[in-house]
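Visitor: Got a minute to walk me through this one? I'd like the quick tour.
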Amino acid sequence: SRIFDQPLAILSTSSYRGESHERSTLVFADDLTKTTQHLGSHILLVDDLVDSGITLQKTLPWLNHKYGFYVEEVRTAVLWYKDCACIKPDYYVKHLPNNPWIHQPFERYEQMQPQALVKLD
């Protein structure tokens, strides 16, 4: 958003729990966190990946319910698009036809306690 001088809105969702990476109930934040008062009429919804596609699929109606009066168009973009997804993003960097598990750079920190993080410095 800074590079293109566009406002940013963040929606927090969660569907994975624990070390087993099992999917659980999809939880949405109550609202968007925005850097501007108004969301705008053309939205680019960005996520890291489309795995099953359920989060992306359910976020679109959530946006419409909360902001549909103002939004004319929503397009979607991800870094990784898995073939098993139930929805295809408008834009993606890499299509993954074999549906591998994506190891995110931050995963190694998810199970660490604060004292272990301090030792990394």
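Guide: Sure, we'll go from the overall fold to single residues. Keep in mind that this is a predicted model.

Visitor: How many helices and strands does the chain have?
Guide: The chain has three helices and seven strands.

Visitor: In what order do the elements run from the N terminus?
Guide: They run β-β-β-β-β-α-β-β-α-α.

Visitor: What does the C-alpha trace span along its principal axes?
Guide: About 45 × 35 × 30 Å.

Visitor: And what share of the residues is buried?
Guide: Of the 121 residues in the chain, 24% are buried. The chain exposes about 9100 Å². Carbon and sulfur atoms supply 52% of that area.

Visitor: Take contacts between residues at least 6 apart in sequence. What percentage join residues at least 24 apart?
Guide: That comes to 54%.

Visitor: Switching to cysteines. How many disulfides turn up in the whole structure?
Guide: Zero. A disulfide is a covalent bond between the sulfur atoms of two cysteines.

Visitor: Why is there no bond for Cys84?
Guide: Distance. The closest cysteine sulfur to that of Cys84 is in Cys86, 9.0 Å away, which is too far for a bond. The cut-off for a disulfide is 2.5 Å between the sulfur atoms.

Visitor: How accessible is Cys84? And Cys86?
Guide: Cys84 is partly exposed, at 42% relative accessibility. Cys86 is partly exposed too, with a relative accessible area of 44%.

Visitor: Now aromatics. How many aromatic pairs are there?
Guide: The count is four. One of them joins Phe69 and Tyr70. Their ring centres are 5.4 Å apart and their planes stand at 90°, so this pair is edge-to-face.

Visitor: Are Phe69 and Tyr70 buried or exposed?
Guide: Phe69 is exposed, at 76% relative accessibility. Tyr70 is exposed as well, at 53%.

Visitor: What about Tyr81 and Tyr92?
Guide: That pair is tilted, because the planes are at 50°, with the centres 5.0 Å apart. Tyr81 sits in strand 6, residues 73-82, and Tyr92 in strand 7, so the pair ties together parts 11 residues apart in sequence.

Visitor: Which of the two tyrosines, Tyr81 or Tyr92, is buried?
Guide: Tyr81 is buried, with a relative accessible area of 9%. Tyr92 is partly exposed, at 34%.

Visitor: Which residues do ring pairs link into a cluster?
Guide: Phe28, Trp62 and Tyr67.

Visitor: Let's move to the surface. Which residues make the nonpolar patch?
Guide: Phe106, Tyr109, Leu117 and Leu120. The patch covers about 360 Å².

Visitor: Where does Phe106 lie?
Guide: Phe106 is in the loop between strand 7 (91-96) and helix 2 (107-110). Its relative accessible area is 43%, so Phe106 counts as partly exposed.

Visitor: Last topic, backbone angles. What is unusual to flag about phi at Asp5?
Guide: Asp5 is not a glycine, yet its phi is positive, about 50°. Asp5 is in the segment before strand 1 (9-10). Asp5 is exposed, with a relative accessible area of 67%.

Visitor: What is the phi of Asn99?
Guide: Positive, about 55°, although Asn99 is not a glycine.

Visitor: Where is Asn99 in the chain?
Guide: Asn99 is in the loop between strand 7 and helix 2. Asn99 is partly exposed, with a relative accessible area of 30%.

Visitor: Thanks, that's what I needed.

Conventions. Residues are numbered from 1 along each chain as its sequence is written. This is a predicted model: local features need pLDDT of at least 70, side-chain atom pairs count only at pLDDT 80 or more; totals for chains, interfaces and linings use all residues. Side-chain values use heavy atoms; hydrogens and water are left out. Buried means under 20% relative accessible area, exposed over 50%, partly exposed in between (1.4 Å probe, protein chains only). Patches are made of residues with over 30% relative accessible area and no salt bridge: like charges are joined within 9 Å, nonpolar side chains (Val, Leu, Ile, Met, Phe, Trp, Tyr) within 5 Å. Accessible areas come from the Shrake-Rupley method with a 1.4 Å probe; for residues, only the protein chains shown count as cover. A salt bridge is a side-chain nitrogen of Lys or Arg within 4 Å of a carboxyl oxygen of Asp or Glu. Helices (H or I, at least four residues) and strands (E, at least two) are DSSP runs, numbered from the N terminus. Contact means heavy atoms within 4.5 Å. Rings of Phe, Tyr and Trp (its six-membered ring) pair if their centres lie within 6.5 Å; planes under 30 degrees apart count as stacked, over 60 as edge-to-face and the rest as tilted.
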